[in-house]
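Work through the following exercises slowly, with the sequence and the model side by side. Try each task before reading the solution below it.

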Amino acid sequence: MTKITVLLVDDHEGFINAAIRHLRKLEWLEIVGRAGNGLEAIERSETLRPDVVLMDLAMPEMGGLQATRLIKTQDNPPFVVIASHFDDAEHREHASRAGADEFVSKLSYIQEVLPILEKFKENRSHE
């Protein structure tokens with residue numbers, strides 16, 4: 001079975017550690033890297049070639065929207081999920097325009113991100 005590879009991007013170490021604790025329980029998923037801002041996310045996405053990037057919206061140096069725009073220009077770009085505390089129509093629209101495939105609220109992160117990853121895995125297995 002091929003694992004889904006994931007790059008975690010967030011400037012809060014505690015948030016990344018909590019996400020890792022939940023995601024490492026999934027035997028079909030592998031966290032291949034982490035980044036603390038959009039610039040690192042672009043570089044790691046290019047180097048690690050993850051299937052999925054779980055991207056924070058607001059970060060220092062470069063935020064998730066600009067990073068998503070640039071990651072989506074890469075050859076065979078990853079599936080990008082933007083996560084934010086700012087869960088409203090305007091932020092969802094900005095994420096969509098930047099090229100994000102999905103948007104989740106950080107307030108219910110794991111509950112929202114797990115079904116997205118499971119659906120991605122299902123779609124991948126039918127290719």
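Two residues are in contact when heavy atoms of the two lie within 4.5 Å. The model is predicted, so that local features need pLDDT of at least 70 and side-chain atom pairs count only at pLDDT 80 or more, while totals for chains, interfaces and linings use all residues. Residues are numbered from 1 along each chain as its sequence is written, and side-chain values use heavy atoms, with hydrogens and water left out.

**Exercise 1. Find where Ser 105 is placed, decide whether this residue is buried or exposed, and list what it touches.**

Solution. Begin with the element: Ser 105 belongs to strand S5, where strands are DSSP runs of E with at least two residues, helices are runs of H or I with at least four, and both are numbered from the N terminus. Next take the accessibility, for which buried means under 20% relative accessible area, exposed means over 50%, and partly exposed lies in between (1.4 Å probe, protein chains only). Ser 105 is buried because its relative accessibility is 4%. Finally, leaving out residues up to four places away in sequence, Ser 105 touches Ser 84, Asp 87 and Glu 112.

**Exercise 2. Describe the surroundings of Gly 33, and state how far it is from Met 62 in sequence and in space.**

Solution. Gly 33 is found in strand S2, which covers residues 29-35, and it counts as buried because its relative accessible area is 14%. When residues up to four places away in sequence are not counted, Gly 33 touches Val 6, Leu 7, Leu 8 and Leu 48. Met 62 is 29 residues from Gly 33 in sequence, and the distance from C-alpha to C-alpha is 18 Å.

**Exercise 3. Place Asp 10 in the chain and work out which residues surround it.**

Solution. Asp 10 sits in the loop between strand S1 (4-9) and helix H1 (13-23), and with 4% relative accessibility it is buried. A polar atom of the Asp 10 side chain lies 2.8 Å from the backbone nitrogen of His 12. Apart from neighbours within four places in sequence, Asp 10 is in contact with Phe 15, Ile 16, Ala 35, Gly 36, Asp 56, Met 59 and Lys 106.

**Exercise 4. Find out how many cavities of 30 Å³ or more there are, and describe the lining of the largest cavity.**

Solution. Rolling a probe the size of a water molecule over the atoms shows where empty space is left. On a 1 Å grid over the protein atoms alone, a cavity is a set of points where a 1.4 Å probe fits but cannot get out, and lining residues have an atom within 4 Å of a point. Grid points are joined across faces, edges and corners, and a volume is the space filled by probe spheres set on the points. The search of the whole structure finds one cavity of 30 Å³ or more, and the largest cavity has a volume of about 50 Å³. Its lining includes Leu 8, Asp 10, Phe 15, Asp 56 and Tyr 109. The elements giving two or more residues to this lining are S1, H1 and strand S3 (52-56).

**Exercise 5. Examine the salt bridges of Asp 56 and Lys 72, and say which partners they have.**

Solution. A salt bridge is a side-chain nitrogen of Lys or Arg within 4 Å of a carboxyl oxygen of Asp or Glu, and the structure holds eleven of them. Asp 56 meets Lys 106 in a salt bridge with an N to O distance of 3.1 Å. This pair links distant parts of the chain, since Asp 56 is in strand S3 and Lys 106 is in the loop between strand S5 (102-105) and helix H5 (109-125), 50 residues apart. Both Asp 56 and Lys 106 are buried.

Lys 72 forms its salt bridge with Asp 101, with the closest N and O atoms 2.7 Å apart. Here too the pair links distant parts of the chain: Lys 72 is in the loop between helix H3 (64-71) and strand S4 (79-84), and Asp 101 is in the loop between helix H4 (89-98) and S5, 29 residues apart. Lys 72 is partly exposed, because its relative accessible area is 24%, and Asp 101 is partly exposed at 34%. As a last step, salt bridges that share partners join Asp 10, Asp 56 and Lys 106 into one network.

Conventions: Polar contact = N/O pair within 3.5 Å; in protein donor to acceptor, adjacent residues only side chain to side chain. 1 Å grid on protein atoms, 1.4 Å probe; cavity = no way out; pocket = protein on both sides within 12 Å on 5 of 7 lines; lining within 4 Å.
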